[in-house]
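Subject: Structure handover and findings

Hello,

Here is the structure we discussed. My notes follow below it.

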Amino acid sequence: MTGQQQNPHDLYLLYAAAKRIGRSLDVDHTAEDLAEVLVPALGDVATVDLSDAVRAGDEPPKTFGGGQLRLRRVAAVRHHGSWHPGFIRTGMPVPSFPDGFEIRSLQRGKVLMATNRAEVVPYAGDFTDAMVPLDAHSGMSAPLYVRGLLFGIVSVWRTGSTPVFDRDDRKLLREIASRAELSIDNARRYTRERRAAIALQRALLPQARTDTTAAETAGRYIPADRGRQVGGDWYDVIPLSSLRVAFVVGDVIGHGLPASATMGRLRTAVQTLADLDLEPGELLAHLDDLVQRLASEAGPARWDTVGATCVYAVYDPVAGRCAIASAGHPPPAVVTPEGKVDFVDVTPGPPLGVGGMPFEVTEIALAPGSVLALYTDGLLNRHDRDVTQGMDWLHERLGSLYESEQSLDDIGQKLLGDVSSAPPADDIVMLLARTRTVVPEAVVEWEFPADASVVAEVRNLTTQQLAAWGLDTLSFSTELVVSELITNAIRYAQGPIRVRLIRDDLLVCEVSDASFTQPRLCYARSTDEGGRGLFLVAQMTRRWGSRYSRLGKTIWTEQPTHPTYK
């Protein structure tokens, strides 16, 4: 206090306030720390009321005078005794104060002091009993405001035989409150940034549940607790050609808005690369190149903060097999229909952004009804477990929770437990997929030599098979598609040609050969004698494309089995 030497008690209280207030980046926890610092060091009872807008991370309301300040009690501490009925407790809204000199003085930064309950009545009005402890004989209320706007009130009361407050106490409360203002405003800013990061993160994630021919899936994203920034964890389920599906889970290095933005860029890149039907290892190699470019754009100071881990799996419901590649990510777990749990023995490559190493692909068989669990390391590291302990825990939990008829949502909920009461230290993403297979009767496959004489035979076999499936309405279009594709394959083929039809909600037609010639859609001029084949294929089908393997290429088309006409 200016011009005077502070007594040791006041110095100790200021030291305690500086040490404790502001430790948390949570607005409510900071208010609770403020109340606990004041009791019993300065008073017997302390309450802190904050604006709901500030608690949500927004600016304080521009309200002056009386009216609805929209305050809520976020902290109430009492040294001894109990609260009387009707007193406003933690979590309850504070009633509107009548306009008057006292309220306007608070909003100008003045600390109000009352030596008896009667002095409180002018600004508390009919709510005096709800605002003031019945056994209080004196009290003080200090405003919490920032940039000229009131966002809260801290009140301290004394009861019993303790002396009434004096001027030195008022100055001390003002000094402690001023320190608390900065800490609460800092927590408010963090809350706003965290809320924006979570909103961006959730907006960039796909829908939580999907249901396709290949699998039903359920994904969950849980942000880290409020003391930490949000990371860049994501998951995705991407439909591929020929009824296949890709499962993706990734974890971006870093936290906050930059991590969420990087996650959005990587998820978009994965979807684009997946549309090219690349093998898992090749896709991760291209993604690794992208992360290296992002790191170079970030500048030398941030090279070590741009990176990610990722696991990419492609499941084929016709073959019942899944190909998996990992870039420094924890291995997926598989639960068989009988409830047996195993981790996939996938060889993890380096995290994305390191470069210089190929990504090995592991292929496994999945029986119908198997559950594939992909996750980020936040699931393993909960409760201070290391990775080995986390995998042991996950193995045990999956085995004990699994029931073949249980929904994936229920399995995920039970596996993650009470995350609302104990938020994780790091973001958690989990994707559960229950696999299915296409029945053998819905697939036919033929092999022919690369000779023009087989075109008529292929057309006849296709027509007969569609009739057997009850898809006569698709005979004309499919016959045309198969003719164009196999003629194109014969022209450029090396070795035998394979034709495969798959019946589902879509009719999939595939023509495979050993060449790697890239088919290209072009618009033939009126005088051209050729160049219209793929154009006709594109017009007769819902979508078409090509994919490559070590053995050659496959051109595929999709047609709805129940076409709609406009």
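Arginine 188 counts as buried, at 1% relative accessibility; buried means under 20% relative accessible area, exposed over 50%, and partly exposed in between, with a 1.4 Å probe and protein chains only. Its partner in a salt bridge is glutamate 59, at 3.4 Å from N to O, where a salt bridge is a side-chain nitrogen of Lys or Arg within 4 Å of a carboxyl oxygen of Asp or Glu. Glutamate 59, at 36% relative accessibility, counts as partly exposed. The two residues are 129 apart and link distant parts of the chain: glutamate 59 is in the loop between H3 and strand S2 (71-78), and arginine 188 is in helix H7 (residues 167-204). Helices (H or I, at least four residues) and strands (E, at least two) are DSSP runs, numbered from the N terminus.

This is a predicted model, in which local features need pLDDT of at least 70 and side-chain atom pairs count only at pLDDT 80 or more, while totals for chains, interfaces and linings use all residues. Residues are numbered from 1 along each chain as its sequence is written, and side-chain values use heavy atoms, with hydrogens and water left out.

Other salt bridges

The whole structure has 32 salt bridges. Aspartate 211 pairs with arginine 436, with the closest N and O atoms 2.5 Å apart. Aspartate 211 belongs to strand S6 (residues 209-211) and arginine 436 to the loop between strand S17 (428-435) and strand S18 (443-448), so this salt bridge ties together parts that are 225 residues apart in sequence. Aspartate 211 is exposed, at 57% relative accessibility, and arginine 436 is partly exposed, at 30%. Salt bridges with shared partners also join Glu59, Arg147, Asp185, Arg188 and Arg189 into one network.

A salt bridge within a helix is formed by arginine 55 and aspartate 52, at 3.5 Å from N to O. Both residues lie in helix H3 (residues 52-55), three residues apart, or about one turn of the helix. Arginine 55 is partly exposed, at 25% relative accessibility, and aspartate 52 is partly exposed as well, at 28%.

Helix packing

Helices H8 (residues 256-274) and H9 (residues 280-298) pack at about 150°, and their axes are 10 Å apart. The axes are lines fitted to C-alpha atoms, for helices over the stretch in contact, and angles run from 0 to 180 degrees between N-to-C directions. The crossing of H8 and H9 is right-handed, a term for the near helix being turned clockwise from the far one by less than a right angle (left-handed if anticlockwise). On the H8 side, the contact (heavy atoms within 4.5 Å) is made by Thr262, Arg265, Leu266, Ala269, Val270, Leu273 and Ala274, and on the H9 side by Leu283, His286, Leu287, Leu290, Val291, Leu294 and Glu297. Ten of these residues are nonpolar, two polar and two charged. In this classification, Ala, Val, Leu, Ile, Met, Phe, Trp, Tyr, Cys and Pro count as nonpolar, Asp, Glu, Lys and Arg as charged, and the others, Gly among them, as polar.

Backbone geometry

Most residues other than glycine have a negative phi, and most peptide bonds are trans. The bond from valine 39 to proline 40 is cis, with omega near 0°; proline 40 sits in the loop between helix H2 (27-38) and strand S1 (45-51). Serine 242 is not a glycine but has a positive phi of about 60°, and leucine 243, also not a glycine, has a positive phi of about 70°. Serine 242 is in the loop between strand S8 (232-239) and strand S9 (245-252), as is leucine 243. Serine 242 is buried, at 1% relative accessibility, and leucine 243 is buried, at 11%.

Two pairs distant in sequence

Leucine 14, in helix H1 (residues 8-20), is buried at 5% relative accessible area. Leucine 14 and arginine 179 are 165 residues apart in sequence and 9.4 Å apart in space, C-alpha to C-alpha. Asparagine 116 is in the loop between strand S3 (112-114) and helix H5 (121-124), and is partly exposed at 32%. For asparagine 116 and valine 164, the separation is 48 residues in sequence and 8.9 Å in space, C-alpha to C-alpha.

Whole chain

The protein chain has 15 helices and 22 strands, and 52% of its 566 residues count as buried.

Regards
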